[in-house]
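Dear colleague,

I am passing on the structure we talked about, and I would be glad if you could look it over before reading my notes. What I found in it follows below.

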Amino acid sequence: MGSLPVDATLRPLDPVAFAGESRAVLEFLAEYYGGVDKYPVRAANLEPGRLRGLLPEAAPESSETMEDVLEDVRRDILPGLTHWQSPSFFAYFPMNASAAGFAGEMLSAGLNVVPFVWAASPAAAELEGIVVDWMGGLLGLPRRFLFSGGGGGVLQGSTCEAVVCTLAAARDRALRSLGHEAIVRLVVYASDQTHATFQKGARLVGIPPANFRVIATSAASGYGLAADAVRAAADRDVARGLLPLYLCATVGTTGLGAVDPVRELGEVARRHGMWLHVDAAYAGSAAVCPEFQGYLDGAELADSVSMNPHKWFLTNMDCCCLWVASPAALTAALSTDPEYLKNVGDNGAATPAAIDYKDWQISMSHRFRAIKLWVVLRRYGAVGLRGHIRRHIAAAKWFEEAVAADERFEVAAPRRFSLVCFRLRPRFEGDATVDDVNRELLAAVNESGRAFMTHFVVDGKFVIRLAVGGAATEMRHVRDVWELLQGKAEDVLQRYQS
């Protein structure tokens, strides 16, 4: 593959070796993507510990060639992977990769700068502010979330990080006047469809687990969080001497793709002085299309909004946009100011443009994610990104209609974006085996290696999730998985009828 021979003198950034070995990796990955659909999407019958039996017990004493390393990746690593970039990967939510995302990640890793304070890499820190404003504008966010409107944003690694940061900001904002001992009275509200990361985040910032309210949703509201239910829960807590702190509204829940009514929840949050966070990790990408921006109606009532370009926006892992209406509220909870981290030179002192991103996140170090998202936005443009989203939503709509037209199946929840939740119907009233039938159907599809999907349980029913969104997924792959499901369903149903 053109890798240079190993030299006894270690020169880890030799330009010639860097170019040769990078070229070898690029060729390897191009070959992989060219044939990714030939691998089982998720290898069946793998047992934990397989890789430990294939690799040496200790690290090598002597250096090895890049050819040898890549050959081991091909022989030992690839067969044990779930291939997230397979066009037939429909599990969880998509985790997009693209040529532009990869190029941006190469630039980020290759330049390897750390813009945790402005002085540590001024252009990197400033590009981040520009890119999050660009993204906010594309999604139609209220101007109050943009640096140009008095708010601001940061690129985090995950929604979990964004959640912990906003919870900490909400906590400290409340305790500043109440005193720290009041932390035992603070209450966080979410729905039974809200991502579990919010419960984890609440624990991490010291909210008593008993003060986390999980409010039930129902089919009547499309599994969205009803404002009346939140209002009633908050009123009960206030009557008990507790203090409503934080409310999460989700646009595109993980299980079903449900949407909470942001405006109505924002009005409840305002009434109680709660911090309102809008979690649009998955479906926020759809807001690049004007026809889906209505799901964010009421965002001007929120304190923070987050979405993940690494899910459905052609941006390789990791990249999570977090916007806040009050940067001061966030940095008051997260900032540190040791002498050795202060910006050096008069040109960076007390200047609004000199953002120290160490004060906007949990960790001190900060990756140059901005250049990756910047490359994606420039290479594909808003028009290309809208086409990417609309193509997947159209494919999911087709799949939903195909499911509804087959009398053996039923759609389990309304589809709003590119996630379809469905199941085989009960064969008769009181069919106690319907969940087992659907479990077997899902297992049969996944074990075939021709597709990979995951499940959810709603109202006590086991349902199958098909999330369309892979960068390489086309309409033909959605048609193929439907054909596969129909065939496996026939096999499973025959076993239960015999």
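**Salt bridges and a surface patch**

Arg 415 and Glu 400 form a salt bridge in which the closest N and O atoms are 3.0 Å apart. Since Arg 415 lies in the loop between strand E8 (409–411) and strand E9 (419–424), while Glu 400 belongs to helix H11, the pair ties together parts that are 15 residues apart in sequence. Arg 415 counts as buried because its relative accessibility is 17%, under the 20% cut-off for that class, and Glu 400, also at 17% relative accessibility, counts as buried too. Please keep in mind as you read that this is a predicted model.

Helix H11 also takes part in a salt bridge through Arg 390, which lies in that helix and whose side chain meets that of Glu 291 at 2.8 Å, N to O. Glu 291 is placed in the loop between strand E5 (275–279) and strand E6 (304–307), so this pair ties together parts that are 99 residues apart in sequence. Glu 291 counts as partly exposed, at 46% relative accessibility, and Arg 390 likewise counts as partly exposed, at 36%; both assignments rest on the class that runs between 20% and 50%.

A further salt bridge joins Lys 372 to Glu 105, with the closest N and O atoms 2.7 Å apart. This pair links distant parts of the chain, for Lys 372 sits in helix H11 (residues 370–405) and Glu 105 in helix H3 (residues 99–111), a separation of 267 residues. Lys 372 and Glu 105 are both buried. They also belong to a network of salt bridges that links Glu 105, Asp 318, Arg 367, Arg 369 and Lys 372. For the model as a whole, the count comes to 28 salt bridges.

Apart from these charged pairs, there is a nonpolar patch on the surface, formed by Leu 51, Leu 54 and Leu 55, which together have about 220 Å² of accessible area. One of these residues, Leu 51, is found in the loop between helix H1 (15–34) and helix H2 (66–77). With a relative accessible area of 32%, Leu 51 is partly exposed, and patch members need over 30% relative accessible area, so the 32% of Leu 51 meets that cut-off.

With best wishes

Methods
Residues numbered from 1 in each chain as written. Predicted model: local features only at pLDDT ≥ 70, side-chain atom pairs only at ≥ 80, totals over all residues. Heavy atoms only, no water. Patch = residues over 30% accessible without salt bridge, like charges linked within 9 Å, V, L, I, M, F, W, Y side chains within 5 Å. Areas by Shrake-Rupley, 256 points an atom, 1.4 Å probe, with all protein chains shown as cover. Salt bridge = Lys/Arg side-chain N within 4 Å of Asp/Glu carboxyl O. Helix = DSSP H or I, 4+ residues; strand = E, 2+ residues; numbered from the N terminus. Buried < 20%, exposed > 50% of the residue type's maximum accessible area, 1.4 Å probe, protein only.
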